[in-house]
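Trainee: Could you take me closely through one part of this model, the aromatic rings and the packing around them? I would like the reasoning spelled out step by step.

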Amino acid sequence: MAERAQKKQRTVADHDRRTLFIAGLPETATDKELRLLFAFARGFIKVQRQSSEKPFAFALFDTRGNAEAALERVDGYVYDEDTKETLRGELAKGNLFAGANEFAQYSGSG
């Protein structure tokens, strides 16, 4: 049940979108590496990696402004110097679902 909730995205109005879609990940990218990639970003809530032939991820932020600021730093970022894997990012069409526990952890009240 929790797994299904993590994959759920909410369709939202354009001005409320606060989730980034990140493509260009190497197959070897780990969840921990992705969390560390966004640790610098103000308002970062969570990241979810999707395994496929071409891995990608979604990163959720507290506001659209914070998502856009992170996007400016991540889009075009060379993820792996050896392979020259470069990330491509854009605002996702919907927002990742964040449960009450994730918002509590983010706000420091949990």
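Mentor: Rings of Phe, Tyr and Trp, the last taken by its six-membered ring, count as a pair if their centres lie within 6.5 Å, and a pair with planes over 60 degrees apart is called edge-to-face. Please keep in mind that this is a predicted model.

With that criterion, the structure holds six aromatic pairs. In one of them, the ring centres of Phe56 and Phe58 are 5.7 Å apart and the planes stand at 90 degrees, so this pair is edge-to-face. Ring pairs also join Phe56 and Phe58 with Phe21 into a cluster. The members of the cluster can be placed by their accessibility: Phe58 is buried, with a relative accessible area of 13%, whereas Phe56 is partly exposed at 23% and Phe21 is partly exposed at 25%.

Phe21 lies in strand β2, and, leaving aside residues up to four places away in sequence, Phe21 touches Phe56, Ala57, Phe58, Arg88, Gly89, Glu90, Leu91 and Ala92. One of these contacts spans a long stretch of chain, since Phe21 and Gly89 are 68 residues apart in sequence while their C-alpha atoms are 5.6 Å apart in space.

From the cluster we can turn to the nonpolar packing. The largest nonpolar core has 20 residues, among which Leu20, Phe38 and Phe61 touch the most other members. At least two residues of this core come from each of β2 (19-23), α2 (31-38), β3 (44-50), β4 (56-61) and α3 (64-74), and α3 gives the largest share, four residues. A second core, separate from this one, has six residues, including Ile45, Leu60, Leu96 and Ala98. Phe61 has contacts, again beyond four places in sequence, with residues that include Leu20, Phe38, Ile45, Ala67 and Ala70.

The helix α3 itself shows how its residues are divided. Asn66, Ala67, Ala70, Leu71 and Val74 are buried in α3, and they cover an arc of only 140 degrees around the axis, which means that they lie on the same side of α3. These buried residues pack against β2, α2, β4 and β7 (88-91), while Glu72 and Arg73 are exposed on the other side of α3. Arg73 brings us back to aromatic rings, as its charged end sits over the ring of Phe40, 4.2 Å from the ring centre. Just after α3, Gly76 takes a positive phi of about 90 degrees.

Conventions: Residues are numbered from 1 along each chain as its sequence is written. This is a predicted model: local features need pLDDT of at least 70, side-chain atom pairs count only at pLDDT 80 or more; totals for chains, interfaces and linings use all residues. Side-chain values use heavy atoms; hydrogens and water are left out. Rings of Phe, Tyr and Trp (its six-membered ring) pair if their centres lie within 6.5 Å; planes under 30 degrees apart count as stacked, over 60 as edge-to-face and the rest as tilted. Buried means under 20% relative accessible area, exposed over 50%, partly exposed in between (1.4 Å probe, protein chains only). A charge sits over a ring if NZ of Lys or CZ of Arg is within 6 Å of the ring centre and within 35 degrees of the ring normal. A nonpolar core is a set of buried Ala, Val, Leu, Ile, Met, Phe, Trp, Tyr and Cys residues joined through side-chain atoms within 4.5 Å. Contact means heavy atoms within 4.5 Å. The arc is that of the directions from the helix axis to the C-beta atoms.
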